[in-house]
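Got your viewer open and your selection tool ready? Let's take a walk through this one together, stop by stop.

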Amino acid sequence: MTFTASGSGARSLLVSYISEVPVWKSTYRIVIPKAPGRPFLQDWAIVDNTVGEDWKDVKLSQVSGTPQSFVQNISQPYYTRRPVVPLPESVMLTPQAHEASMTNLGASAMTLPGVAGGVAGGVAGGSTGMLGGVIGGSGSGGGNGGGNFDAGKVLSLSKPTEQEEAAEVTEALSKEEAAAEANAVGELFEYNLKEKITVLKNQSALVPIVQSPLEVERITLVTANENAPAEIALRALWLRNTSGLTLDGGTFNVLEQDSFAGEGIMDLLHPGERRLLSYATDRAVRVMKDSNPRGARTTVTRVTILKDVMTMHTEEREDTTYIVHNADTAPREVILEHPIKPGWKLLDEMKPEESSATRYRFRVTVGPGKTEEFTVKERRPGVSRIYVSSLSDNQLTAYVHDGAVKPELEAELRQVLAKKLEVFNVEQDLKSVQQEMESIDKDQSRLRENLKALKGSPEERALLQRYTKQLDGQEDRLATLRGRAADLKTKHNQLQSELDAMVMKLVIDETL
């Protein structure tokens, strides 16, 4: 940067600038010690120095949040591209973040004293470097500013066993202190390091920022898949953030009784919020759906008739049964995630532990070597309407067969159908009379045209007498038909009035 000042005299300039740096990352360790130890959480901030110069004794703070900010190059031409769709791959178990709860929970999670099982050995993969950085307190790329714990006090013991060494490491980790103070900054959350740190250029620091006891319940998580007969069971922790701080999203690993148990990813977690964190497969639990599900079926629950309108209140019912088997020698608390379907509701007796935006979460306790069945009962209400005056015999028969119409109501509706049949028969008779009258009118029009064509011809007199006689007979028939039509119309109006009165008088409200 070059600064130029015009004029005379000395000037004092204060120059500051902003340099782009990588986003800081969070990584967590959840430690579940043996009884009577209490589970606790450790959070580290991974900070990268890429500005091209050393940070020496700098005051560092990390801000967590998602403010809107972007760069847009409006001078550059843009072209739309077709998406690249990869070939399908086999299903693999990958880390996943689970949905937050959408319900208020009154009861807090259990605090586990200690958990059996686990995989022997240290933290695998990238987590090993984190463990080394925290214990050692120094080291390139992962240990600078790693905390106040001196690992030498633990590792200098004479020939400890693996269990003793792991237990001492866990005890030492529980005494580790966070090196940051947390503060809310508007919609953001800020961690201010208590001490100044030094990070050489092109190196990284792993700084402990949170150390807090936890409320944790160890469970088995099963997320139902509508298209799969069997479900995958995951070992998971139901964790409540009791640290009083906002925990940024990041990776985590789990230590159970001093052994590495698994790792996963976690979304942003607010103070007091509860979240499911899965970290391994539970091979002891198998979950199957009922091989012969009853499926969805529709039942009429209420029938009302008012002012010629018959309303059928229906309920579509669907029961899904899950069969859960626990092959382990220890009991399992299984959390079964069942999808929430739009328009469907649970029966009143179905009480999920909690609900997320897309799934119900039910608790199923399965003893050692036991098999439990759990049925999710769902209902979807519906309404259909039909005019009683347009009800057909086939429709009424179907309603009676389905149990939607009781015998008393059937008798009244049969009377309506009988009256409708009378009206129909009169309408058919009237239609037949009108068709015959139209046929005579057409024939008379033909005869009159023929008379016009024969005028002045030798055959005129003979045909005139014949056509005149035929027209006279048709006129007599038309007079009879007109009288018949008038009588039928009167009868039809009377019967229709009786039908309308019968239908309007019919008022029903029955709950089935």
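Start by selecting Arg-302 and His-313: Arg-302 has His-313 as its bridge partner in strand 17. This is a predicted model, so keep that in mind as you go.

Now widen the selection to both strands. Strand 16 (residues 297-306) runs antiparallel to strand 17, and 9 bridges pair them. Together they make a hairpin with 2 residues between the strands. Click on Lys-307 in that turn, and you'll find a positive phi of about 55 degrees.

Stay with strand 17, which covers residues 309-326, and look for its other partners. Strand 15 (residues 285-289) pairs with strand 17 in the antiparallel sense over 5 bridges; pick Val-285 and Asn-326 to see one bridge pair. Then select strand 22 (residues 371-387), which is also antiparallel to strand 17, this time with 17 bridges. Val-309 sits opposite Tyr-387 of strand 22.

**Next stop: an open sheet**

Which strands make up the open sheet, and in what order? Select 14-11-9-18-21-20: these 6 strands form the sheet in that order, with mixed pairing. Strand 14 (274-281) and strand 20 (354-355) are at the edges, and each has a single partner strand, so one side of each has no neighbour in the sheet.

Inside this sheet, highlight strand 18 (residues 332-339) and strand 21, which are antiparallel and joined by 8 bridges. Ile-335 has Arg-363 as its bridge partner in strand 21. While you flip the view around, here's a handy rule: in a regular strand, side chains alternate between the two faces of the sheet.

Now click on Arg-361, part of strand 21 (residues 359-366). Is Arg-361 buried or exposed? Its relative accessibility is 1%, so Arg-361 counts as buried. Show side chains here, and you'll see the one on Arg-361 making a polar contact with the side chain of Glu-337 at 2.7 Å. Beyond its neighbours within four places in sequence, Arg-361 is in contact with residues including His-98, Ser-101, Leu-276, Ile-335 and Pro-352.

**Into the cores**

Select strand 8 (residues 204-213): 8 of its 10 residues are buried, so the rest of the structure largely encloses it. Strand 2 (residues 40-48) lies antiparallel to strand 8, paired over 9 bridges, and Val-47 has Ala-205 of strand 8 as its bridge partner.

Next, find the largest nonpolar core, with 31 residues. Ile-30, Tyr-191, Ile-209, Leu-247, Phe-252 and Val-254 have the most contacts inside it. Strand 8 gives the most to this core, with 4 residues. Another core, of 30 residues, lies apart from that one; Met-310, Leu-396, Ala-404 and Leu-495 are among its members.

**Last close-up: a helix**

Move to helix 5 (residues 407-454) and select Lys-419. At 13% relative accessibility, Lys-419 is another residue that counts as buried. Which residues is Lys-419 in contact with, leaving aside its neighbours within four places in sequence? They are Leu-495, Glu-498, Leu-499 and Met-502. Try checking the C-alpha atoms of Lys-419 and Leu-499: the two residues are 80 apart along the chain, yet these atoms are separated by 6.1 Å.

**Zoom out**

Finally, show the whole protein chain, with its 6 helices and 23 strands. Of its 512 residues, 37% are buried. Among contacts between residues at least 6 apart in sequence, 73% join residues at least 24 apart.

Note on methods. Residues numbered from 1 in each chain as written. Predicted model: local features only at pLDDT ≥ 70, side-chain atom pairs only at ≥ 80, totals over all residues. Heavy atoms only, no water. Buried < 20%, exposed > 50% of the residue type's maximum accessible area, 1.4 Å probe, protein only. Contact = heavy atoms within 4.5 Å. Pairing = 2+ DSSP bridges. Polar contact = N/O pair within 3.5 Å; in protein donor to acceptor, adjacent residues only side chain to side chain. Core = buried A, V, L, I, M, F, W, Y, C linked by side-chain atoms within 4.5 Å.
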